[in-house]
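Student: Please put the model up, and then we can go through its strands, two threonines and a pocket.

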Amino acid sequence: SIITLDSLRRMGLKPGRLATIEVKAPWVHLYADDAEPPCSAENRFHGPIVRMTRGRINTECVLRVDAETELCAICTNERLDRLGLHEGGETWAVFGAYATILRVD
């Protein structure tokens with residue numbers, strides 16, 4: 001995530017303090033290749049699609065990043081069909097630092 005120095009101070013963010021990141025689902029891009037995608041996104045995660053909810057225009061895809069973390073992406077049905085992604089299949093999810101919201105407890 002990218003934050004200002006003022007936000008860093010106001011949030012009290014420091015080493016050892018728990019922070020969470022929320023990612024804006026429409027800004028997460030999916031890639032079907034096995035190889036890591038050649039792009040400039042700072043955040044890249046690979047894993048299985050554990051759930052898909054298809055709508056009339058868009059589909060919500062939930063990717064399992066690790067045992068405790070899931071990442072949601074929203075893409076058009078046309079793109080999803082073109083990529084050949086399906087529930088249980090492996091994919092890459094990538095997003096830039098500006099697509100995140102940082103929270104501290």
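Student: In β4, which residue is the bridge partner of Arg 51?
Tutor: This is a predicted model, in which local features need pLDDT of at least 70 and side-chain atom pairs count only at pLDDT 80 or more, while totals for chains, interfaces and linings use all residues. Residues are numbered from 1 along each chain as its sequence is written, and side-chain values use heavy atoms, with hydrogens and water left out. β3 and β4 are antiparallel and pair over 5 bridges, where pairing requires at least two DSSP bridges between two strands. The bridge partner of Arg 51 in β4 is Val 62.

Student: How many residues lie between β3 and β4 in their hairpin?
Tutor: Strands are DSSP runs of E with at least two residues, helices are runs of H or I with at least four, and both are numbered from the N terminus. β3 covers residues 43-54. Between β3 and β4, the hairpin has a number of residues equal to 3.

Student: Which residue in β5 does Cys 61 stand opposite?
Tutor: β4 and β5 run antiparallel and are joined by 8 bridges. A hairpin through 2 residues also joins β4 to β5. Opposite Cys 61 in β5 stands Ala 73.

Student: Which strands stand at the edges of the sheet, each with a single partner strand?
Tutor: The sheet is open, has 5 strands with antiparallel pairing, and is ordered β2-β6-β3-β4-β5. Each edge strand has a single partner, so one side of it is left without a neighbour in the sheet; these strands are β2 (29-31) and β5.

Student: What does the twist average from one strand to the next?
Tutor: Axes here are lines fitted to C-alpha atoms (for helices, over the stretch in contact), and angles between N-to-C directions run from 0 to 180 degrees. From one strand to the next, the twist averages 45°.

Student: Which residue in β6 is the bridge partner of His 29?
Tutor: β2 and β6 (residues 90-95) run antiparallel and are joined by 3 bridges. In β6, the partner of His 29 is Val 94.

Student: Thr 91 is in β6; which backbone oxygen does its side chain reach?
Tutor: Thr 91 counts as buried, with a relative accessibility of 1%. Buried means under 20% relative accessible area, exposed over 50%, and partly exposed in between, using a 1.4 Å probe and protein chains only. The side chain of Thr 91 comes to 2.7 Å from the backbone oxygen of Tyr 31.

Student: Where is Thr 53 in space relative to Glu 87?
Tutor: Thr 53 belongs to strand β3 and is partly exposed, at 45% relative accessible area. Thr 53 and Glu 87 are 34 residues apart in sequence, and their C-alpha to C-alpha distance is 9.7 Å.

Student: Which elements give two or more residues to the lining of the largest pocket?
Tutor: A pocket is an open set of points on a 1 Å grid over the protein atoms alone, where a 1.4 Å probe fits, with protein on both sides within 12 Å along at least five of seven lines; lining residues have an atom within 4 Å of a point. The lining of the largest pocket includes Ile 21, Val 65, Asp 66 and Leu 71. The elements that give two or more residues to this lining are β1 (19-23), β4 (58-66) and β5 (69-76).

Student: How many residues of that lining are charged?
Tutor: Asp, Glu, Lys and Arg count as charged, Ala, Val, Leu, Ile, Met, Phe, Trp, Tyr, Cys and Pro as nonpolar, and the others, Gly among them, as polar. The lining of the largest pocket has 6 nonpolar residues and 1 polar, and its charged residues number 3.

Notes:
Polar contact = N/O pair within 3.5 Å; in protein donor to acceptor, adjacent residues only side chain to side chain.
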